[in-house]
Amino acid sequence: MEKTTDVYHAGSRAVQDRVGVREDADHVGRSIGQGIKPVAAAFLELQPLLVIGAAAPETGRVWASPLTGAPGFVRATGPRQMSVTGGPRPADPLTTALTTGGTRVGTLALDPRTRRRMRLNGRLRPTPRGFAVEADQVFANCPKYLQRRESYETVTDRRPGTTRRGRHLTDEQRAFVEAADTLFIATVHPGGADAGHRGGNPGFVRTTSPTGLSWRDYPGNAMFLTLGNLATDPRAGLLLLDWTTGRALQLTGEARTEFTADGERRVHFTVTEAEDTPCAVPLSWSAPAYSPANPQPPG
């Protein structure tokens with residue numbers, strides 16, 4: 001396992017020092033390794049959903065995309081290797097990235113049934129059946145701010161609809177964002193990529209304009225991987241899902257962190273491009289039970 005001095009780059013260290021949690025981060029950082037432990041391998045094989053983040057090689061823009069399949073489509077195939085069968089839908093903005101060897105990716109396996117999540121970051125290698133990721137970082141996150149959804153069904157006849165593309169959010173899309181209880185965010189830094197999760201009661205994400213989103217960064221594990229990445233590279237990608245219909249709203253743009261006078265942190269995201277796809281995900285989940293850790297959004 002790496003030393004904690006090796007698992008954080010300068011951006012994360014800068015945020016940790018600003019907030020005063022370097023010692024806590026060092027303690028938590030000891031859980032970050034390169035190997036996929038048996039319990040993590042077993043967890044992966046049960047998941048029907050994987051979120052992946054990367055920079056598209058055609059444009060350099062960062063996106064977060066949903067990948068789905070029958071449990072077992074993502075699995076550990078070596079001490080440091082995760083393999084994925086299949087890939088994104090053909091029109092997904094990361095299609096080229098996920099077929100290009102050496103792409104740095106961040107992945108997040110999240111199970112709403114158990115409120116568990118696991119992150120694996122590394123380099124991608126195309127395979128005949130999909131792709132594999134050689135892990136640089138493997139670690140679990142606590143269940144804080146993760147909504148419980150007891151069950152799901154796979155809608156076998158659901159097919160992705162036509163993607164609506166734009167450079168700003170429509171009024172309906174803004175309402176969709178503000179009704180969300182879960183947000184996935186992809187970020188990058190010179191040494192890799194990361195896919196993270198943000199959650200809260202509906203309203204925790206606000207739209208400030210047709211191209212602006214904002215959310216409070218709730219207290220977490222003190223690692224500051226996402227905010228650390230943004231401190232070195234503002235590019236980011238967001239993914240919001242309709243957990244019933246499978247709709248996927250993917251946004252790419254830039255984000256910055258505001259440190260407020262009262263000690264809170266707020267992330268401001270500016271949309272460069274939006275892709276909105278009906279029925280992108282064939283999973284239909286049960287209604288959520290909101291995490292008891294969720295703060296109440298401001299009125």
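This is a chat about a sheet and some salt bridges in a predicted model.

Biologist: Let's start with the sheet. How many strands form it, and in what order?
Modeller: There are 7 strands in an open sheet, and the order runs S2-S1-S5-S6-S7-S4-S3. The pairing is antiparallel.

Biologist: Which strands stand at the edges?
Modeller: Those are S2 (62-68) and S3 (74-78). Each has a single partner strand, so one side of each has no neighbour in the sheet.

Biologist: And what's the twist from one strand to the next?
Modeller: The twist averages 35°.

Biologist: Let's zoom in on S5 and S6. Over how many bridges do they pair?
Modeller: Strand S5 (residues 104-111) and strand S6 (residues 116-127) pair over 8 bridges, in the antiparallel sense. If you want a spot to look at, find Thr107, which stands opposite Leu120 in S6.

Biologist: OK, new topic. How many salt bridges does the count come to?
Modeller: The count comes to 15 salt bridges. One of them joins the side chains of Asp194 and Arg119, at 2.6 Å from N to O.

Biologist: Where do Asp194 and Arg119 lie?
Modeller: Arg119 is in strand S6, while Asp194 is in strand S11 (residues 192-199). They are 75 residues apart in sequence, so the pair ties together separate parts of the chain.

Biologist: Are Asp194 and Arg119 buried or exposed?
Modeller: Both Asp194 and Arg119 are buried.

Biologist: Cool. What does Asp181 form a salt bridge with?
Modeller: Its partner is Arg149, and their closest N and O atoms are 2.8 Å apart. Here both ends sit in loops: Asp181 between helix H5 (171-178) and strand S10 (182-189), Arg149 between strand S7 (130-141) and strand S8 (152-154). The two residues are 32 residues apart.

Biologist: Why does Asp181 count as buried?
Modeller: Because its relative accessibility is 7%, and buried means under 20%. Arg149 is buried as well, with a relative accessible area of 3%.

Biologist: What about Asp276 and Arg247, how do their side chains meet?
Modeller: In a salt bridge, at 2.7 Å from N to O. Asp276 is in strand S16 (residues 265-277), and Arg247 is in the loop between strand S14 (235-241) and strand S15 (248-259). That pair links distant parts of the chain, 29 residues apart. Both Asp276 and Arg247 are buried.

Biologist: Last one! Which residue is linked with Arg247 and Asp276 in a network?
Modeller: That's Glu172, which is linked with Arg247 and Asp276 in a network of salt bridges.

Key: Residues are numbered from 1 along each chain as its sequence is written. This is a predicted model: local features need pLDDT of at least 70, side-chain atom pairs count only at pLDDT 80 or more; totals for chains, interfaces and linings use all residues. Side-chain values use heavy atoms; hydrogens and water are left out. Two strands pair if DSSP finds at least two bridges between them. Helices (H or I, at least four residues) and strands (E, at least two) are DSSP runs, numbered from the N terminus. Axes are lines fitted to C-alpha atoms, for helices over the stretch in contact, and angles run from 0 to 180 degrees between N-to-C directions. A salt bridge is a side-chain nitrogen of Lys or Arg within 4 Å of a carboxyl oxygen of Asp or Glu. Buried means under 20% relative accessible area, exposed over 50%, partly exposed in between (1.4 Å probe, protein chains only).
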